[in-house]
Amino acid sequence: MDHSHSPKFVAYRPARVDAAEMRDRAKRFHELLAGRRSVRHFSEEPVPIEVIEHLVRTAGTAPSGAHKQPWTFCVVTDPALKHAIRKAAEEEERASYEGRMPPEWLEDLAPLGTDWHKEFLDIAPCLIVVFKRAYEVMPDGSKRKNYYVEESVGIASGFLLAAARNAGLVTLTHTPSPMNFLARILQRPENERAFLLIPVGYPAADCEVPDLQRKALDQVMVRYGS
Ligand code: IYR
């Protein structure tokens, strides 16, 4: 049997950006994303589904191990489903905040002002539940493992957050723990595991965020070479 593959390649000539414009674009993109904040106080105002679809398309442009695209984005706008998710998340989060999380963790979270109440899961107009696909099921029923699934889905989620910010929407990377209730409520197949829960919408009129600072460049970048 011949196991050789002949990969097909196509020309790739992305438009060249001149130096001045490159600097300008790099700076502006930083300014755009520097203005991103995790938001916990949402408005109920709905978001056009076409916009959400574009955010998901953008997330799906992320690189992935062996181009397996090991992700599924569940877009939840149904109020009853959002409420079921809120109830289950609060049950887990209550157990975490009231006993499962060690004191150091609670101390680290104190500046964020979080607790087990997750009202935003009812209020935000759209919840995007990101699932990672550990493996694919082949037509013959056999399983084929995906590669670098965490990295791939993490990058795709980052693209989604950046795309939402670009569209003028706000997000939260919510991580109720454990998250297995999401696969149950959304009736996902057994190859999918919840990875992140991302409420998307507009901030409430009186929205506030914690007064946090980001690390400076010299704290995150180490240069080798001149
Ligand atoms: N999952 C909990 C706790 C939590 C943990 C981290 I790390 C945060 O940065 C924020 C919250 C919650 O969502 O409240």
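Here are a few worked exercises on the ligand site and the pockets of this predicted model.

**Exercise 1. Find which residues surround the ligand, and sort them by class.**

Step 1: Start with a cut-off, and keep any residue with a heavy atom within 4 Å of the ligand. That gives you Arg40, Glu93, Tyr97, Met101, Trp105, Leu109, Leu112, Lys118, His174 and Thr175.

Step 2: Now sort the shell by class. You should get five nonpolar, two polar and three charged residues.

Step 3: Map the shell onto the secondary structure. Helix H3 (79-100) and helix H4 (103-109) are the elements that give two or more residues to the shell.

**Exercise 2. Work out which residues have N or O atoms at polar-contact distance from the ligand, and how much of the ligand the protein covers.**

Step 1: Set the limit for a pair of N or O atoms at 3.5 Å.

Step 2: Go through the ligand's nitrogen atoms. A polar atom in the side chain of Glu93 sits 3.0 Å from a ligand nitrogen. For Thr175, it's a polar backbone atom that lies 2.9 Å from a nitrogen of the ligand.

Step 3: Try oxygen too. One ligand oxygen is 3.1 Å from an N or O atom of the His174 side chain.

Step 4: Finish with the area. On its own the ligand has 370 Å² of accessible area, and the protein covers 72% of that.

**Exercise 3. Say which pocket the ligand's space corresponds to, and describe the lining of that pocket.**

Step 1: Match the ligand to a pocket: the space it takes is the largest pocket. The volume there comes to about 540 Å³.

Step 2: Look at the lining, which has 24 residues. Nearest the centre of this pocket are Arg40, Leu109, Leu112, Thr173 and Thr175.

Step 3: Split the lining by class, and you have nine nonpolar, eight polar and seven charged residues.

Step 4: Check the helices. H3 and H4 each supply at least two lining residues, and H3 gives the most, with four.

**Exercise 4. Describe the second largest pocket: its volume, its lining and the residues closest to its centre.**

Step 1: Get the volume, which is about 280 Å³ for the second largest pocket.

Step 2: List what's closest to the centre. Of the 16 lining residues, those are Arg40, His41, Gly113, His117 and Phe120.

Step 3: Classify this lining as well: six nonpolar, five polar and five charged residues.

Step 4: Cross-check the two pockets. Arg40 is among the residues nearest the centre of the largest pocket, and Arg40 also turns up among the closest to the centre of the second largest one.

Technical notes
Residues numbered from 1 in each chain as written. Predicted model: local features only at pLDDT ≥ 70, side-chain atom pairs only at ≥ 80, totals over all residues. Heavy atoms only, no water. Polar contact = N/O pair within 3.5 Å; in protein donor to acceptor, adjacent residues only side chain to side chain. Areas by Shrake-Rupley, 256 points an atom, 1.4 Å probe, with all protein chains shown as cover. 1 Å grid on protein atoms, 1.4 Å probe; cavity = no way out; pocket = protein on both sides within 12 Å on 5 of 7 lines; lining within 4 Å. Sits in = over half its atoms within 2 Å of the grid points. Nonpolar A, V, L, I, M, F, W, Y, C, P; charged D, E, K, R; others polar. Points joined across faces, edges and corners; volume = space filled by probe spheres on them.
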